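Please open the model in your viewer and keep the selection panel at hand. The tour goes from one selection to the next and says what is there at each stop.

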Amino acid sequence: MEFEAQENQGNNSIQGVINLDPQVNQVQAQQQEITIKQTDIQVSSTLEESVAVTLLRDLRQIGVKLRCVLVPTMSSNNAKELRNWDLWGPLIFCLMLALTLSMSGNNNDGTGIFATIFVLIWIGSFVVTLNAQLLGGKVSFFQSVCVLGYCVFPINLGALFTLIFSFFYLKMFLVIGCFLWSTYSAVGFMKLLIPEQKRILALYPVILFYLFLSWFALIV
Amino acid sequence: MDFGIQNQTDEQKQANKEYPIQNNNEGNKNQQGYCAFLTIQFYTPYFNVTETDVLQRIQGTFLPLRPDFLNLIRGNPDLWGPIWINATLIFLITAIANLRQIDEEKENQSFVISYVPQATALLYIIAFGTPIILAGVMKFLGVDLSFFQTICLYGYSMSTLLPITILCYFQNELFLWLIIVYGFANSSLFLIVNLKEELDKLQIQKKYIIIGIVVTMQLALYLFYKLVFFSYVNK
């Protein structure tokens, strides 16, 4: 019983052969040690790099995932990228949206708006994902929260547009465009995972979620 | 990256087979009994509807005197309706209440964000709290209430508020009071007619307690609606 193990860390790949036959365990254990030592070298090299490099790498990963989510081409590369979910991207976009909306001049309750948007995005993603799971969809929880968070980015753009422009119908047109973009991306991801007859029941909450956020971006 | 390496030797596998498996299952069952309502599997049977079902159930709430609704949900109460009808209502309340204010005062247009937490608390407490109260009171009076059917009933009774909220955009004070009173009458009748089956298990005097609780909560809901969200805006 042998199989090959491959690990990809960045651009390096480590190969090893692991034999499950108990008689040659010892010899193979040594090979495993060599494999693990190579991994250790990878780990310590990321510990020793500068903070800027780490941050840039994380930002680059966020950028890659953003492109996967928002340019709705359903290739298998996209699907593989999305399986490595992270919550940094959603957090950044959520904070950006909450800050933009709470600092715009049209209100006198900035802290309330910040808190409401923040809570709305996280609890909204949580409830929408839970709804999809309860309807029988085979959707991994954090992956779905991750995708919903990344799709908030166009609404961020919409909020920035409303800050820049002042003509109401232009603002409305832009925000509606951003809403349709967000919804199309999120729906494209989620509709693959839901059984056929309950599809609208699972997609309506997504639409409501982005409608709520876009409406905030427009009016505040 | 899963290796799934099995580290057990053959002797260990033999020993494991003799380990009493029944104990494990019993322990799991006990855990399932007490904390079952915290798992997802507990609620999955209540999401067994399609979109046509949901639309039919919402239509059933607009004509309260016809007993269609109970036939629609018999044996298959759902939780999708209660949760998402209330979420839609929260959005509509926030949108329309703020739109009313924006139209009125052109100088200092302030956006009221406090409608969101207020509406959330109000709607979800009435939609989910009242069935809990009713279940408690009925149990105290010695009768069992089918809990999820009542939650489903309450959730769908909120769908009367959907057109009412949209109509509340208009500024005419008398019109608003009229539609609020109509909504209150409609939803109270709907609830009482559909709870009649459960209420018939009780004696006459005790029925009035339940009817009183139902009507009071609906009254609180509609008054709150009118006085807090869509109150009179001075020109």
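Select F118(A), and bear in mind from the outset that this is a predicted model. The relative accessible area of F118(A) is 28%, which lies between the limits of 20% for buried and 50% for exposed, so this residue is partly exposed. Now add F114(A) to the selection; with a relative accessible area of 26%, F114(A) is partly exposed as well. Both F114(A) and F118(A) belong to helix 5 of chain A, which covers residues 110-134, and they sit four residues apart, or about one turn of that helix.

A search of the whole structure finds 25 aromatic pairs over all chains. How are the rings of F114(A) and F118(A) arranged, and why does the pair count as stacked? Their centres are 6.3 Å apart and their planes meet at 15°, and because planes under 30 degrees apart count as stacked, this pair is given that name.

Stay with helix 5 of chain A for a moment and select S125(A), which lies in this helix. Is S125(A) buried or exposed? Its relative accessibility is 1%, and because buried means under 20%, S125(A) counts as buried. If you show the surroundings of S125(A) and leave aside residues up to four places away in sequence, you will find that S125(A) touches L120(A), V145(A), L148(A) and F209(A).

Next, move to chain B and colour it by secondary structure. Chain B has eleven helices and zero strands. Of the 235 residues in chain B, 41% are buried, while the accessible surface of the chain comes to about 13000 Å², with 62% of that area belonging to carbon and sulfur atoms. When contacts in chain B between residues at least 6 apart in sequence are considered, 78% of them join residues at least 24 apart.

Select F42(B) and Y43(B) to look at another ring pair. The ring centres of F42(B) and Y43(B) are 5.1 Å apart and the planes stand at 85°, and because planes over 60 degrees apart count as edge-to-face, that is the name for this pair. F42(B) is partly exposed, with a relative accessible area of 32%, and Y43(B) is also partly exposed, at 24%. Extend the selection to Y46(B), F147(B) and F148(B), and you have a cluster in which ring pairs link these residues with F42(B) and Y43(B).

From F148(B), go on to the rest of helix 8 of chain B, which spans residues 147-157. This helix is mostly covered, since ten of its eleven residues are buried; among them are F148(B), Q149(B), T150(B), C152(B) and L153(B).

Keep Q149(B), T150(B) and L153(B) selected, for these residues help to line the largest cavity, together with L70(B), I73(B), N194(B), L195(B), E197(B) and E198(B). The count comes to one cavity of 30 Å³ or more, and about 50 Å³ of space lies in the largest cavity. Which helix of chain B gives the most to the lining of the largest cavity? It is helix 10, with four residues; helix 5 (68-73), helix 8 (147-157) and helix 10 (173-199) of chain B each supply at least two. If you colour the lining by residue type, you will see four nonpolar, three polar and two charged residues.

How values were computed
Residues numbered from 1 in each chain as written. Chains lettered and ligands numbered in written order. Predicted model: local features only at pLDDT ≥ 70, side-chain atom pairs only at ≥ 80, totals over all residues. Heavy atoms only, no water. Buried < 20%, exposed > 50% of the residue type's maximum accessible area, 1.4 Å probe, protein only. Contact = heavy atoms within 4.5 Å. Areas by Shrake-Rupley, 256 points an atom, 1.4 Å probe, with all protein chains shown as cover. 1 Å grid on protein atoms, 1.4 Å probe; cavity = no way out; pocket = protein on both sides within 12 Å on 5 of 7 lines; lining within 4 Å. Points joined across faces, edges and corners; volume = space filled by probe spheres on them. Nonpolar A, V, L, I, M, F, W, Y, C, P; charged D, E, K, R; others polar. Phe/Tyr/Trp six-rings, centres within 6.5 Å; stacked < 30°, edge-to-face > 60°.
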